[in-house]
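Thanks for coming. I will go through one structure, starting with a helix and what it packs against, then the charged and aromatic side chains.

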Amino acid sequence: MGKLRVGVVGAGMISDFHLQSYACNEEVELYGIYDLSAGRAGEKAAKYGVRKVFGSTAEMFADAELDAVSICTWNDTHAELAIQALVHGKHVLVEKPLAMSYAEALRVRDAARGKDEVLQVGFVRRFAAGTRVLKKFIDDGLLGEIYYAKATHLRQIGNPGGWFADRTRSGGGPLIDLGVHLIDTVWYLMGKPKVARIKGATFLELGNRGNVDNLSYYKAADYSVDRNDVEDLAAAMITFENGATLMLDVSFSLHAKDTETKIQLFGKRGGAELEPELLLVTERNDTILNVHPQIDHLTLNFNEAFGAEINHFVACCMGGGKTLAPLGDGLEVMKMLDGVYESARTGREVVYDHNQAGE
């Protein structure tokens, strides 16, 4: 079998992680790229040795030599582009979130039914070294039954603006951009239990704070201080059918001392921190032990995580194996994101009945 011919849709910041990871994989030929900005697509093609710059997604997907695509575009295009790629028989790696809503994600599910192509959702944190190591310890029973988790990613100032701050293109703010990773990572490590209830709250009080000087942060290419209609902060309590509970809070902007990322899981036999760095807590001989594994990356390293994610996707495409981040998981995470936003909008707890048709 020859090399996997891959195309990348979207040439923004996140595409670099995909492109450089594909470029390092000997089983891949970087075959094509497309972006709304032909100039930006051309620059990325020259940088990474991509063979073709396509003039449209329709032209790209219709190319019979193309085997697989990474979709690295605005959130509002993820579902439709994934559907188009599947219709044309391409393997698909679609960046998170899978869609703008659970209902839209179901359209992707319908398009994927009966197809042999791989569809992998871009849950890159699943593939990070710390997550992989912790998952093995959890599967081996070190933590026992996990009944409580806390996940936090608070930026004191970090609204990227541009399309991130435009709800029509992003679907929301820090919850759908950052919270999607936290929810997925914790849910995955907890064994992917079914969601039972969600209570959520969102706040839009500070805006993008473009007035702040003397502090640098990432800004989207189309950043503008005049556009922001997404939440600053989201908080939620997600309870699963087995009784386990996840407490979540994420922000783009908050009057906080510093940016903070923390992921904690608590089980009947032990606990763990995944961020700010991997730490295991257990008991031996009536003594509590804090265990620091000796691994290359105790905290999230995006280059390492994306490399592992891309290599896994390529292996699944080449060998027909099952992905560790399948479409069904994307649907469930989308359901939880929807639940937080719905609870925040209505002020009521969202309750799920999995006995309903389609559940």
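What you see is a predicted model. Let me start with helix 6, whose buried residues pack against strand 7 (146-154), helix 8 (174-189), strand 11 (260-267), strand 12 (271-275), strand 13 (279-284) and helix 9 (302-319). Helix 6 spans residues 129-139, and its buried residues are A129, G130, T131, L134, K135 and I138. After the helix comes G141, with a positive phi near 90°.

Next, the charged pairs. How many salt bridges does a search of the whole structure find? It finds 25. I will show three.

The first slide has R107 and E80, with their closest N and O atoms 3.1 Å apart. This salt bridge links distant parts of the chain, since R107 is in helix 5 (residues 102-112) and E80 is in helix 4 (residues 75-87), 27 residues apart. R107 is partly exposed at 40% relative accessible area, and E80 is also partly exposed, at 33%.

Then E332 and K335, a salt bridge with the closest N and O atoms at 3.4 Å. Are these two buried or exposed? Both E332 and K335 are buried. They lie in helix 10 (residues 327-346), three residues apart, about one turn of the helix.

Elsewhere, salt bridges with shared partners join D166, R169, D222, R227 and D229 into one network. Within that network, D229 and R227 meet at 3.7 Å, N to O. D229 is partly exposed at 29% relative accessibility, and R227 is partly exposed at 36%.

R169 has another contact to point out: its charged end sits over the ring of W74, 4.5 Å from the ring centre. R167 does likewise with Y341, its charged end lying 5.8 Å from the centre of that ring.

Now the rings. The structure holds seven aromatic pairs. One of them is F17 with F302, a tilted pair at 5.9 Å centre to centre and 45° between the planes. F17 lies in helix 1 (residues 13-23) and F302 in helix 9, so the pair ties together parts 285 residues apart in sequence. F302 is partly exposed, with a relative accessible area of 39%.

Another tilted pair is Y31 and F54, 6.4 Å centre to centre, with 45° between the planes. Y31 is in strand 2 (residues 28-34) and F54 is in the loop between strand 3 (52-53) and helix 3 (57-62), so this pair ties together parts 23 residues apart in sequence. Both Y31 and F54 are buried.

Last, ring pairs link F17, F302 and F306 into a cluster. I will stop there.

Technical notes
Residues numbered from 1 in each chain as written. Predicted model: local features only at pLDDT ≥ 70, side-chain atom pairs only at ≥ 80, totals over all residues. Heavy atoms only, no water. Salt bridge = Lys/Arg side-chain N within 4 Å of Asp/Glu carboxyl O. Helix = DSSP H or I, 4+ residues; strand = E, 2+ residues; numbered from the N terminus. Buried < 20%, exposed > 50% of the residue type's maximum accessible area, 1.4 Å probe, protein only. Contact = heavy atoms within 4.5 Å. Phe/Tyr/Trp six-rings, centres within 6.5 Å; stacked < 30°, edge-to-face > 60°. Lys NZ or Arg CZ within 6 Å of the ring centre and 35° of its normal.
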